[in-house]
Amino acid sequence: MSLALCCSLLALPALAQAHSPTPESIAADDASVTPKPTWAVPANPQLKTLWLVGDSTMHKADGHGAGGMWGWGEPIAALFDLSKINVVNRAIGGRSSRSFIEEGHWDDVLHFAKPGDVVIVQFGHNDPIPPRATVIPERSTLPGTGDETREAANAATGEKETVHTYGWYLKKYVADARAHHLTIVLCSPVPRKVWKDGRIASFDTTYAPWAEQVAHEEHVDFIDLYGIIGGEYDAQGPEKVEGYFGDAGTHTNLAGARINAAAVVAGLKALPDDPVAGDFSAPGEAVPAYKPPTP
């Protein structure tokens, strides 16, 4: 699905130009949108908490821009009023929808989460590691959204286990969230800097549509970050997009992470019933709801 992001999405406070800002202008932004620290547990347990669950595109390295790379889960905290809501980034680099569960990280989130909290789940970058016949990488999931399984030895532990599809694991997140009375929002993966026929937005025909399919089948909210951000990349072109990445094409720098964070907020506001409406900071309020382009 090819979508374009309106230029005003990137107009964070002090950047309210009529055009998309350059990476340099974003990097020079004022302190109001400087990433604020997030916490492993809620800073104020009395408040509602927004939990972020995902991979390195959400939380890179130490969460402080090591190596010039940032996940969008760090700067998004500045788009929320932290006197109204906690923002807890539990994403871990290198994890897939499967390994985040198997390593116990999801159970840890559920342990601290309370009814009424909101969780955003975004996986897909580390799921498509091809499994071998008898051994399967510890991150790998089967493609698709069905009930197919494979019995194989875990490459890390050597223990035999049953591996499910990407969609099966997403459905488990949904079921567990419901059992704990949490509101869950599924997201597609954010796009890599991979161009095909001069475009990015139409490149992913697997994990983004699979995440959307699961959300539709499970009747939960979905944000197509791949389409929203990919459409903006298409509009800006390769030269500008080059300045949004801190590596060859997977991990954003701070400028790119801010764009992705704004895309998440725009996607939340576009939901029929935004679960965090009223919890945005002034910079977050300034981000308009995403509107797909007119065909």
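These are my notebook entries on helix packing and burial in a predicted model.

**Entry 1: overview**

I began with the whole protein. I counted 9 helices and 8 strands. The protein has 295 residues, and buried ones make up 54% of them. I then looked at contacts between residues at least 6 apart in sequence. Of these, 70% join residues at least 24 apart.

**Entry 2: helix α6 alone**

I turned to α6, which runs over residues 225-236. I checked its length against expectation. At 1.5 Å a residue, its 12 residues should span 16 Å. The C-alpha atoms at its ends are 16 Å apart, so the two values agree.

Next I asked how many residues of α6 are buried. The count is 11 of the 12, so the helix is largely enclosed by the rest of the structure. I listed the buried positions: L225, Y226, G227, I228, I229, G230, G231, E232, Y233, D234 and Q236. Acidic E232 and D234 are thus on the buried list.

What do these buried residues pack against? I found three strands and three helices as partners: β3 (118-122), β7 (183-187) and β8 (221-223), along with α5 (207-218), α7 (238-242) and α8. I also looked just past the end of α6. There G237 takes a positive phi of about 90°.

**Entry 3: α6 against α8**

I picked α8, residues 254-269, for a closer look at one partner. The two axes come within 10 Å and cross at roughly 125°. That angle is over 115 but not over 145 degrees, so I logged α6 and α8 as oblique to each other. The crossing of α6 past α8 is right-handed.

I then noted the residues that meet. From α6 they are L225, I228, I229 and Y233. From α8 they are N260, A263, V264 and G267. By class, this contact holds 6 nonpolar and 2 polar residues, with no charged ones. The spacing within each set made me recall the helix repeat. An α-helix has 3.6 residues a turn, so residues three or four places apart point the same way.

**Entry 4: α4 against α5**

I moved to a second helix pair. Helix α4 covers residues 166-179 and packs on α5 at an angle of about 40°. Their axes are 10 Å apart. An angle of 40° is not under 35 degrees and falls short of 65, so this pair is oblique as well. α4 passes α5 in a right-handed crossing.

Which residues of α4 and α5 meet? On α4 I noted Y166, G167, L170, K171, V174 and R178. On α5 I noted Y207, W210, A211, V214, E217 and E218. These divide into 7 nonpolar, 1 polar and 4 charged.

**Entry 5: A215 in α5**

I stayed in α5 and selected A215. Is A215 buried or exposed? Its relative accessible area is 2%, under the 20% cut-off, so A215 is buried. I set aside residues up to four places away in sequence and listed its contacts. A215 touches L186, V220, D221 and F222. I also checked K171, which lies 44 residues from A215 along the chain. The C-alpha atoms of A215 and K171 are separated by 8.4 Å.

**Entry 6: S99 in α2**

Last, I looked up S99. This serine lies in α2, a helix of residues 99-102. At 2% relative accessibility, S99 counts as buried. I again left out residues up to four places away in sequence. S99 then touches G94, H105, E138 and R139.

Notes
Residues numbered from 1 in each chain as written. Predicted model: local features only at pLDDT ≥ 70, side-chain atom pairs only at ≥ 80, totals over all residues. Heavy atoms only, no water. Axes fitted to C-alpha atoms, helices over the stretch in contact; angles between N-to-C directions. Helix = DSSP H or I, 4+ residues; strand = E, 2+ residues; numbered from the N terminus. Left-handed = near helix turned anticlockwise from the far one by under 90°. Contact = heavy atoms within 4.5 Å. Buried < 20%, exposed > 50% of the residue type's maximum accessible area, 1.4 Å probe, protein only. Expected span 1.5 Å × (residues − 1).
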